[in-house]
Amino acid sequence: MKGCDMFSSRAATERRLRLLRWLGEQGESGGYEMSRGARIKAYRLYPMLTKLEGLGIISRRWTDGQQPRVMYKLTAVGEQVLRDNISS
């Protein structure tokens, strides 16, 4: 996955890696927490999450309860992408 085309521009690369690092540290998180914790504006975050999910880098699940939420976490592929990009 090294050199994956999801890292197209430098700014996009930095945002995505910041998100992956933050999500790797948290384990699982909702979008609001990710936006605040990774310092990524919501209008950039949600399209990024959609793309990362499509690439198999993150997964999402709905919570149960009165106010269902979408929670995201790294997949095994996402953990490998994170390791590859941190070590490079």
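**Exercise 1. Decide whether Ser-59 is buried, exposed or partly exposed, and describe its surroundings.**

Solution. The model is predicted, and the values below are computed from it. Start with the relative accessibility of Ser-59, which is 25%. Buried would require under 20% and exposed over 50%, so Ser-59 counts as partly exposed. Next, place the residue: Ser-59 belongs to strand E2, which covers residues 58–62. Then look for partners beyond four places in sequence, and Ser-59 is found in contact with Met-71, Tyr-72, Lys-73 and Thr-75. For one of these, Tyr-72, the separation along the chain is 13 residues, while the C-alpha atoms of Ser-59 and Tyr-72 are separated by 5.6 Å.

**Exercise 2. Work out how many helices and strands the protein chain has, and in which pattern they follow along the sequence.**

Solution. Counting the elements gives four helices and three strands. Reading along the sequence, one then meets them in the pattern α-β-α-α-β-β-α. To see how the chain is brought together, take the contacts between residues at least 6 apart in sequence, of which 47% join residues at least 24 apart. As for the surface, the chain exposes about 5600 Å², with carbon and sulfur atoms supplying 48% of that area, and of its 88 residues, buried ones make up 40%.

**Exercise 3. Find which residues of the largest nonpolar core touch the most other members, and which elements each supply at least two residues.**

Solution. The largest nonpolar core has 18 residues, and those that touch the most other members are Leu-19, Leu-20, Met-34, Leu-49, Leu-52, Ile-58 and Tyr-72. Turning to the elements, at least two residues of this core come from each of helix H1 (10–26), helix H3 (42–54), strand E3 (70–74) and helix H4 (76–87).

**Exercise 4. Determine how H1 and H3 are oriented to each other, and which residues meet where they touch.**

Solution. Two packed helices are described by the angle between their axes together with the distance between those axes. Here the axes of H1 and H3 come within 11 Å, and they cross at roughly 75 degrees. Angles of 65 to 115 degrees count as roughly perpendicular, and H1 and H3 are therefore roughly perpendicular to each other. On the H1 side, the residues that take part are Arg-15, Arg-16, Leu-19 and Leu-20, and they meet Arg-44, Leu-45, Met-48, Leu-49, Lys-51 and Leu-52 of H3. Sorted by class, this contact has six nonpolar and four charged residues, with no polar ones.

**Exercise 5. Establish where Leu-45 and Ser-35 are placed, whether each is buried or exposed, and which residues they contact.**

Solution. Begin with Leu-45, which has its place in helix H3. Its relative accessibility is 0%, so Leu-45 counts as buried. Beyond four places in sequence, Leu-45 is in contact with Leu-19, Gly-31, Met-34, Ser-35 and Ile-40. The C-alpha atoms of Leu-45 and Tyr-32, which lie 13 residues apart along the chain, are separated by 9.4 Å.

Now take Ser-35, which is found in helix H2, residues 31–37. Because its relative accessible area is 16%, Ser-35 is buried. With neighbours within four places left aside, the contacts of Ser-35 are Ile-40, Lys-41, Ala-42 and Leu-45.

**Exercise 6. Say where Arg-39 lies, whether it is buried or exposed, and what its phi angle is.**

Solution. Arg-39 is placed in the loop between H2 and H3. A relative accessible area of 59% is assigned to Arg-39, which means that this residue is exposed. Finally, its phi is near 55 degrees, a positive value in a residue other than glycine.

**Exercise 7. Locate Leu-82, decide whether it is buried or exposed, and name the residues it touches.**

Solution. Leu-82 lies in helix H4. Its relative accessibility is 11%, so Leu-82 counts as buried. Not counting residues up to four places away in sequence, Leu-82 touches Leu-20, Arg-21 and Leu-74. As a last step, compare sequence with space: Leu-82 and Arg-16 are 66 residues apart in sequence, and their C-alpha atoms are 9.8 Å apart.

Definitions and conventions. Residues numbered from 1 in each chain as written. Predicted model: local features only at pLDDT ≥ 70, side-chain atom pairs only at ≥ 80, totals over all residues. Heavy atoms only, no water. Core = buried A, V, L, I, M, F, W, Y, C linked by side-chain atoms within 4.5 Å. Buried < 20%, exposed > 50% of the residue type's maximum accessible area, 1.4 Å probe, protein only. Axes fitted to C-alpha atoms, helices over the stretch in contact; angles between N-to-C directions. Parallel < 35°, antiparallel > 145°, perpendicular 65-115°, else oblique. Contact = heavy atoms within 4.5 Å. Nonpolar A, V, L, I, M, F, W, Y, C, P; charged D, E, K, R; others polar. Areas by Shrake-Rupley, 256 points an atom, 1.4 Å probe, with all protein chains shown as cover.
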